[in-house]
Amino acid sequence: MIGRLPLDEQLSALQAALSRNDVLVEVLHRTAAMRLPSWYLTAGCLFQTVWNVVTDQPPTAGIKDYDVFYFDDGDLSWEAEDAVIRAGLDAFGDLPAQVEIRNEARVHLWYEQKFGVPCAPHTSTESAIDCFAATTCCLGVRLEPDGRWRVYAPHGLADVFNLVVRPNPVLAPRKVYETKAARWKEQWPALAVLDWPGAV
């Protein structure tokens, strides 16, 4: 099982799995060319590609979108973020997938209205990734200028390879976790979905 290998071997296996998703690789290269500050390709497109590889599905199966996070606290205006989003439409418009770009320095400005709980300002892209509803989601990858893959995985990679969905109750409400987990379970029935803490 890949999840029981030494970490350096897990990282190699992660890059090999993600490289089988041609759309994902193209998004990585095009995002790198945009030179966004502290950017990562993150969340579903990463762990779901791994799930597809592990369960012998097409690498892009079930992937709703490709999330690009960056961090720019020098200008928290919607206009500044919207300019980046519009640049992304030009950069990714011909790809057969939706690419969503978000400035994580602005999340606290709209999070409570959308999810019903307050969100303290994030201090980095990594701190935003730390707050996903499931630890499995807490994963980010970017291409460095020299072509190396930089991987941020605060909870490791074992659960990703072992098809385990584990709650991360640091910010997102229980309903968000359970809704996402139920949707994922339909696409990837082999998933082991763990209960939210305190759930009956």
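The paragraphs below walk through the strands, the nonpolar core and the salt bridges of this structure, which is a predicted model.

A good place to begin is the pairing of strands β2 and β3. Strand β2 (residues 66–70) runs parallel to β3, and five bridges join the two. Across this pairing, Asp67 stands opposite Glu100. Together with helix α4 (residues 78–92), the two strands make up a right-handed β-α-β unit. Strand β3 (residues 99–103) also shows an alternation of its side chains: Val99, Ile101 and Asn103 are buried on one face, while Glu100 and Arg102 point to the other face and are not buried.

Further along the chain comes an antiparallel pair. Strand β4 (residues 140–143) meets strand β5 (residues 149–152) through four bridges, and Arg142 in this pairing stands opposite Arg150. The two strands form a hairpin with five residues between them, and Gly147 in the turn has a positive phi of about 95 degrees.

Attention now turns to the interior. In soluble globular proteins, nonpolar side chains tend to be buried together. Here the largest nonpolar core has 58 residues, of which Val27, Leu41, Tyr66 and Trp184 touch the most other members. Helix α3 (residues 44–54) gives the most to this core, contributing six residues. Beyond its neighbours within four places in sequence, Val27 is in contact with Leu41, Tyr66, Val68, Phe92, Leu95 and Val99. Thr31, found in helix α2 (residues 22–34), counts as buried because its relative accessible area of 0% is under 20%. With the same kind of sequence neighbours left aside, Thr31 is in contact with Leu36, Trp39, Val68 and Phe92.

Charged side chains add another layer to the picture, with nine salt bridges found in the whole structure. In one of them, Glu26 and Arg30 meet at 2.8 Å, N to O. Both residues lie in helix α2, four residues apart, or about one turn of the helix. Glu26 is partly exposed, with a relative accessible area of 31%. Arg30 also forms a salt bridge with Asp94, where the closest N and O atoms are 2.5 Å apart. This second pair links distant parts of the chain, since Asp94 sits in the loop between α4 and β3, 64 residues from Arg30 in helix α2. Asp94 is exposed, at 58% relative accessible area.

Helix α4 holds a salt bridge between Arg86 and Asp82, with the closest N and O atoms 3.1 Å apart. These two residues are separated by about one helical turn because they are four residues apart in the helix. Arg86 is partly exposed, with a relative accessible area of 45%. Elsewhere, salt bridges that share partners join Glu26, Arg30 and Asp94 into one network.

Note on methods:
Residues are numbered from 1 along each chain as its sequence is written. This is a predicted model: local features need pLDDT of at least 70, side-chain atom pairs count only at pLDDT 80 or more; totals for chains, interfaces and linings use all residues. Side-chain values use heavy atoms; hydrogens and water are left out. Two strands pair if DSSP finds at least two bridges between them. Buried means under 20% relative accessible area, exposed over 50%, partly exposed in between (1.4 Å probe, protein chains only). A crossover is right-handed if, with the strands pointing away from the viewer, the path from the first strand over the helix to the second runs clockwise. Contact means heavy atoms within 4.5 Å. A nonpolar core is a set of buried Ala, Val, Leu, Ile, Met, Phe, Trp, Tyr and Cys residues joined through side-chain atoms within 4.5 Å. A salt bridge is a side-chain nitrogen of Lys or Arg within 4 Å of a carboxyl oxygen of Asp or Glu.
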